[in-house]
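Please look over the sequence and the structure shown below, and read the report that follows alongside them.

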Amino acid sequence: MSAPLNLVNLERVHKAHGTTVLLDDVSLGVAAGERIGVVGRNGGGKSTLLSVLTGTEEPDSGRVTRRSDLAMGVLDQSGTLPPGTTVRDVVLPPSMFAAEHEWAGDAAVRSVLTGLELDRLGLDSPVDSMSGGERRRVALAAQLIRPLDLLVLDEPTNHLDVEGVAWLAEYVKNRAGGLVVVTHDRWFLDEVSTTTWEVADGSVHSYDGGYSAYTLARAERTRISAVTEERRMNLVRKELAWLRRGPPARTSKPKFRIDAAQALIADEPPARDSMALAGFAARRLGKTVYDVEDVDYAVPTEDGPRTLFKDLNWHVGPGDRIGIVGVNGAGKTSLLKLLVGDTQPDAGTVGVGQTVAPAYLSQHVTELPPKARVLEAVQDVARVARIGNQDISASSLAERFGFAANRQWTPVGDLSGGERRRLQLLRLLMAEPNVLLLDEPTNDLDIDTLTALEDLLDSFPGTVLVVSHDRYFVDRVTDKVVALLGDGSLAELPGGVEEYLARRAAGGAPLTTAAGAATRPVGAPAAGPAGGPAVSAADSRAAKKEASRLERRMLKLDADEKRLLEQLAAAASDYAKAAELDAQLRAVQAEKDQVETDWLAAAEIAEG
């Protein structure tokens, strides 16, 4: 009897925890070479699906079959490692590599060690004394170097910086074998997934393609079935419109120029009016939010003080929306703490505007009252908050962040990690700050909650500073990106995260500092992302304007094409008229093709 086509098959699987049904009559399979991204709300059954798939848990009913010779590796969220071992013991065990030259000569193994920074960590470092993030990288590396038919990863991008996430995406795309991954990182999903599974209400819906294709398909499914969840549909439309207006790398995959997508986003305005928000923020904040002048700052280490910032100068103005990226340990969190006054510089000054009312979201959820109910914890801050141009009650905002009415009376101490993170964000927003400083805000949040947060930030009339490894979130909510490369300075990146990765790959080429001074010799050409001349800020702005003009022209040509097609159908019996209309239609279609080509070129320049 031949082996089954799929590596793993689930047949009519049912699984419940207590009275909550997580999987109900689910049938699906994982084929060899298939890369599957799993999405869904926190607590909706994603991890349970993985547990049933891998055999960690047995289904209450139904059947799970696996290929008899299946080699499967699993990374769960715990990242548990054997006590008393070293990195070498876990990642390069003698059972796989009897001698050092066996792995040292393997390019794939070296790539894993470098990509996850285990070479810097040290192969003989004991795992017992490591941080949670370091232990998780070791556990991930141990799975990646093994020759596996199926790799199952639960939140693999946690504790990786943006460069590490990019490396991981490239690595898993090029490896042989199947992949099932649960992650909230939408860029990662779009980059690696050939199929997307949505776990919701006990069912698993399958979609071809990554996150962008899933967003389109979900919106279309919602439209066709006439679902009445208008708020969620509005969020999907807004995100779909943003994806359509984004750079070619996002829009080219799901082929957004189809009638269904155009109908959904035809009347959808841009995600936010940056000019209006900046004007409103200036009235609330004045001219200055933060002025960092000649700041030096170092942190103590076993080898002596390590300098994070040297002669740092940076101005943050009203309405600025800035993403901050950098290598692990470069000082991203330290920079936010300097701005909010949690730490003081060794030299220089951090000026704060008189009207600044900041809210700081740290990576650690420590300030929540454990004995209070969810709604009480929110109402302790305020009962009603004004966000943008609307007043929102504590209960309504809690519902938007995934706390249904019955869940709002749950004690804070009983919440999961993701729910506590949501509550932390809720309390910050209820305080009506005019400056938000968010340190890894996407940690432990599901995609629907992230979309709700992005929607709120779209109307936030203040300054937003975001430290995040989530490229999608950074692109979505910020207007510019600055980078810390570990040399004590802050650099502005007109090309965003893509430019950061390109410069890092080129060995940290000179950048333009955030204060505006050039770090390269005057007149010397800068290295671009592909090794050619970099795009100047002026060229980037001009390209963005040209891309916007071409988008408007495309919409006009779409309308002209539709009108001519209708007229052509009506004039079918009039040969002379039909010939004239056909010539006009061909001219419109030819111009449309040229405009689309020009738009792609302009968008590429605008992205750096």
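In this predicted model, and leaving aside residues up to four places away in sequence, Arg186 is in contact with Tyr211, Glu239, Ile447, Leu450, Thr451, Glu454, Asp470, Tyr472 and Phe473. Within this group of neighbours, Glu454 deserves separate mention, since its side chain and that of Arg186 are joined by a polar contact of 2.4 Å. Arg186 lies in helix H8, which covers residues 186–192, and Arg186 is classed as buried because its relative accessibility is 0%, where the cut-off for buried is under 20%.

A second region to examine is helix H4, residues 107–115, whose buried residues are Val109, Val112, Leu113 and Gly115. These buried residues of H4 pack against the helices listed in the table.

| Helix packed against by buried residues of H4 | Residues |
|---|---|
| H2 | 87–91 |
| H3 | 100–104 |
| H5 | 118–121 |
| H6 | 132–144 |
| H7 | 162–174 |

At the start of H4, the backbone nitrogen of Ala108 has a side-chain oxygen of Asp106 within 2.9 Å, while after H4 comes Glu117, which has a positive phi near 60°.

Turning to the protein chain as a whole, it contains 22 helices and 21 strands, and of its 608 residues 52% are buried. When contacts between residues at least 6 apart in sequence are considered, 69% of them join residues at least 24 apart. The accessible surface of the protein chain is about 27600 Å², and carbon and sulfur atoms account for 51% of that area.

Methods
Residues are numbered from 1 along each chain as its sequence is written. This is a predicted model: local features need pLDDT of at least 70, side-chain atom pairs count only at pLDDT 80 or more; totals for chains, interfaces and linings use all residues. Side-chain values use heavy atoms; hydrogens and water are left out. Helices (H or I, at least four residues) and strands (E, at least two) are DSSP runs, numbered from the N terminus. Buried means under 20% relative accessible area, exposed over 50%, partly exposed in between (1.4 Å probe, protein chains only). A polar contact is a pair of N or O atoms within 3.5 Å; within protein, one must be able to donate a hydrogen and the other to accept it, and residues adjacent in sequence count only if both atoms are side-chain atoms. Contact means heavy atoms within 4.5 Å. Accessible areas come from the Shrake-Rupley method with a 1.4 Å probe; for residues, only the protein chains shown count as cover.
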